[in-house]
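Grab a pencil and work through these exercises with the structure open beside you. Try each task before you read its solution.

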Amino acid sequence: MSLLPVYDLSTADGRAGYAARLKRLQNTAQTDNRFADAADANIEAVRQRGDDAIVELERKWTNPQFTKDRIRVDPQELRDALKQLDPKLRDALRRSIDHVTRYQQHVKPSNQAPVRIDDAELGLRCTPVDSAGCLVPGGSAVLFSTLIMIAVPAMVAGVKPDDVAVVHPAPYRKADASADTPSDISPIFKAVCAMLDVGRVYRIGGAQAVAALAFGTETVKPVGMIAGPGHPVVQHAKTLVAGVTGTDNGFYGPSEIVTLADDTADPRRVAADLLAQAEHDPGKCFLVCWQREVVEAIVEEVDRQLPQRSRTDAISNALRDESCVVLVDSHDAACDTANELATEHLNLAVREPQATLEHIRHAGEVFLGDATPVAAGDYYAGPSHCLPTGTTARFTSGVSVYTFLKRTGTVAYPDGMSRQTIDDIALLADAEGLDAHAESARVRGANSEV
């Protein structure tokens, strides 16, 4: 029997099973007192005790030998790592950085020429934040790709490389690790930091890293904007420091995919994409179809490919506990289900993906056709892979150049204010009971048209 449950929405049991999985997905982004309390405690510890609190928490979660001098990575370590990087990997990384840079440059908004409305010239300026902090999770994977997907949009926005900070912890400490077992961040990650020429790299993570970037410590310099994915504790930490510093306003948690598939989809490709997202620890994957034979072919392929993957435990847990197949009665119902799930990634493995796209309202990023793997977006294509999760694509977007830009309106009356403009403003202000506002318009009347 397959680990991946199939829920037929034409049956009561199927609807109940799907509703439970949907609720589980939604819960990842909703306030959980455990996560909120943990985030609050760590933030307060760093705010009160600075580096000492960071050392205490990093010893607990990563390296039991962690000391204050380990908080910031020595820039020479970054340069040395780049020298030792495999040339083929370095070239692939350069192409990835180039693709992300060119895409973000393409979508970057330009300052528009002012529009003339009556006697006013009205414009909009886009200016970058002064500095940016990039949250890159640790755990068991070396997520150097996430660094590229956050730092490059910040730099394209106009943040100087020296003003980009990166927080990335060593791998989680294993329960069976000896007390004197050291750990460190990956040499590949250090090399990518050097390639991007980021100003400051800190080997810290969790809510304590968010707090350090927001409030600053003896070692960590505060930043003007914090962006990036992470554990729900980290995501809640961003909401707690918002206002002290800027945050990306997104909930970028456990990885997710929805695939819509019809009888034109290659089961091998669809199964491979599902397994790719399921290997995140945790990962969530949803297959939505309206043809039972398509479901059977893809589920069979998932079962065939699973033993070939190295992270079988993580994948098996994700398939059994977090994921499902949803069998609906039509293409339109499949689109409705995708919009309801509103996941991070959406793959349209259907006959006419562009036509189907017209029915999609909610998704972090859409991949058109079964020839387009989600991994292209994860590593190489251009749009950032830091995307909304937990159904939050219904109202928010992923990290991009826009994340690091502020929009400022401009107003000018180059020929002075007309009598009509003055009278209208004064009338509106008086109606609100704000006579000083009214007078500030009337006082311009001496040099205005009559």
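Two residues are in contact when they have heavy atoms within 4.5 Å of each other. Keep in mind that this is a predicted model.

**Exercise 1.** Find which residues of α6 meet which residues of α7, then work out how the two helices are oriented.

*Solution.* Start with the residues. On the α6 side, look for F144, L147, I148, A151, V152 and M155; their partners in α7 are I188, F189, V192, C193 and L196. Next, sort them by class: this contact has 11 nonpolar, no polar and no charged residues. Now for the geometry. The helices pack at an angle of about 15°, with their axes 10 Å apart. Angles under 35 degrees count as roughly parallel, so α6 is roughly parallel to α7. Finally, α6 passes α7 in a right-handed crossing.

**Exercise 2.** Track down the largest nonpolar core and say which element gives the most to it.

*Solution.* The largest nonpolar core has 42 residues, and L147, L196, V198 and F404 have the most contacts inside it. Several elements supply at least two residues each, including α5 (87–107), β5 (164–167) and α7 (187–196). The top giver is α6, with 11 residues. Zoom in on L147: leaving out residues up to four places away in sequence, it touches V136, V152, V166, F189, V192, C193 and L196. There's also a second, separate core of 29 residues, with A39, A45, V55 and V234 among them.

**Exercise 3.** Is T337 buried or exposed?

*Solution.* First, locate T337 in helix α13 (residues 331–341). Its relative accessible area is 6%. Buried means under 20%, so T337 is buried. Beyond residues up to four places away in sequence, T337 touches Y18, V288, V326 and V328.

Technical notes: Residues are numbered from 1 along each chain as its sequence is written. This is a predicted model: local features need pLDDT of at least 70, side-chain atom pairs count only at pLDDT 80 or more; totals for chains, interfaces and linings use all residues. Side-chain values use heavy atoms; hydrogens and water are left out. A nonpolar core is a set of buried Ala, Val, Leu, Ile, Met, Phe, Trp, Tyr and Cys residues joined through side-chain atoms within 4.5 Å. Buried means under 20% relative accessible area, exposed over 50%, partly exposed in between (1.4 Å probe, protein chains only). Helices (H or I, at least four residues) and strands (E, at least two) are DSSP runs, numbered from the N terminus. Axes are lines fitted to C-alpha atoms, for helices over the stretch in contact, and angles run from 0 to 180 degrees between N-to-C directions. Angles under 35 degrees count as roughly parallel, over 145 as roughly antiparallel, 65 to 115 as roughly perpendicular and the rest as oblique. A crossing is left-handed if the near helix is turned anticlockwise from the far one by less than a right angle, and right-handed if clockwise. Ala, Val, Leu, Ile, Met, Phe, Trp, Tyr, Cys and Pro count as nonpolar, Asp, Glu, Lys and Arg as charged, and the others, Gly among them, as polar.
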